[in-house]
Amino acid sequence: MKIFRDIFRFFVYSNLFIAVCAMLMLVQTCYLLLHAPPSFDLLAFVFFATICSYSFHWYLTPAVGQSDRVPWLARHKKTHLFLFIAGIAGAVIYGIMLISHWHWLVFAAFITFLYSAPKVPHPWFRLLRKIAIGKTIFLAGVWMFVTTVLPLEISDRPWQTDYTLFAVSRFFLIYAICILFDYRDKEYDISVGIRSLITWLNEKSIDMLFYFSIIIFAVASLWMYYCGHSVTVIITLLIPGAITTLLYSHAKKSRSDMLYYFVLDGLMALSAVLYLLIEWPVFTQR
């Protein structure tokens, strides 16, 4: 079954999987908060922008280390370059379709670029490595903005309390997951001069930061019940946080690429999958 393993590995390591996750999260935002499907143009823009961003990031990442993704990355540099170019083309094409909201799209593109900017081989960008203490917070903020705030702002609807709660819930779930990624990369980040909260904090403080994030995530998710969302919806929101918490101790000791790039990345979109599976019959009857 090697061919299926290779296809699955390509799907994950080429960043197609994370781009699909971004689209699912966007769909959940629109159905849950706006009670309407997202436009195809917005979905396509987010898909191609995610492919562009992650391909750019991994193309600039040196193929060093002992993980399974390292030799794959070394063999598929041209794949990342091709997907980066395709991502730019797709994001531009569908960005033009959304030109009336250009300021939000430009802002989303700018903050997305800033996360990978320290990897650009230029002294000006490398300086960001020494000042990017909050890079994980920034990454979680980018994901939250693109999959939550962007579709809400584009809808031009008045801002609601549950919009804020959902954005907070999503941000802190993503941040808790990002903490695990930073913890895994802690030694490498220190060796190349990349600074983050995780390279600065001790073990106990990292644990406290993780559990604090999970608590805020849970409180914001539960609070949405008082904004009229059903118990079922709240459960679908809480399940990924519960799984992340259960995996925390194991993930800190593991270096499995599939645990990180499939399971943990997939947890960001798990509530979207659960929500859509449960609510899809309702949507199709409207």
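Helices here are DSSP runs of H or I, at least four residues long, numbered from the N terminus. Keep in mind that this is a predicted model.

Q: Which helix does R184 lie in?
A: Look at the stretch covering residues 161–184. R184 belongs to that run, and the helix is α10.

Q: Is R184 buried or exposed?
A: The cut-off for buried is under 20% relative accessible area. R184 has a value of 13%, so this arginine counts as buried.

Q: Which residues is R184 in contact with, leaving aside its neighbours within four places in sequence?
A: Sequence neighbours within four places are set aside here. What remains for R184 is S254, R255, D257, Y260 and Y261.

Q: Which helix gives the most to the largest nonpolar core?
A: That core has 79 residues, and W143, M224, Y260 and L264 have the most contacts inside it. The top contributor brings 16 residues to this core, and that helix is α10.

Q: What does W143 touch, not counting residues up to four places away in sequence?
A: W143 is among the residues with the most contacts inside the largest nonpolar core. Skipping residues up to four places away, its partners are I18, A22, M25, Y54, I174 and M268.

Q: Is L105 buried or exposed?
A: L105 sits in helix α6, residues 102–116. Its contacts beyond four places in sequence include F45, L98 and I154. With a relative accessible area of 7%, L105 falls under the 20% cut-off, so the word for L105 is buried.

Q: How many Å apart in space are L105 and V46, C-alpha to C-alpha?
A: In sequence these two are 59 residues apart. In space, C-alpha to C-alpha, L105 and V46 are separated by 9.7 Å.

Q: Which helix supplies the largest share of the nonpolar patch?
A: The surface patch is formed by I215, V219, W223, Y225, Y226, V231, I235, I239 and I243, with about 910 Å² of accessible area together. Two helices, α13 (203–223) and α14 (231–253), each supply at least two of its residues. The largest share is four residues, and they come from α14.

Q: Is I243 buried, exposed or partly exposed?
A: I243 has its place in helix α14. Partly exposed lies between the 20% and 50% cut-offs. At 30% relative accessibility, I243 is therefore partly exposed.

Q: How many disulfides does the structure hold?
A: Take two of the cysteines: C30 is buried at 3% relative accessible area, while C227 is partly exposed at 31%. A disulfide would need a pair of cysteine sulfur atoms within 2.5 Å. The number of disulfides in the structure is zero.

Conventions. Residues numbered from 1 in each chain as written. Predicted model: local features only at pLDDT ≥ 70, side-chain atom pairs only at ≥ 80, totals over all residues. Heavy atoms only, no water. Buried < 20%, exposed > 50% of the residue type's maximum accessible area, 1.4 Å probe, protein only. Patch = residues over 30% accessible without salt bridge, like charges linked within 9 Å, V, L, I, M, F, W, Y side chains within 5 Å. Areas by Shrake-Rupley, 256 points an atom, 1.4 Å probe, with all protein chains shown as cover. Salt bridge = Lys/Arg side-chain N within 4 Å of Asp/Glu carboxyl O. Contact = heavy atoms within 4.5 Å. Core = buried A, V, L, I, M, F, W, Y, C linked by side-chain atoms within 4.5 Å.
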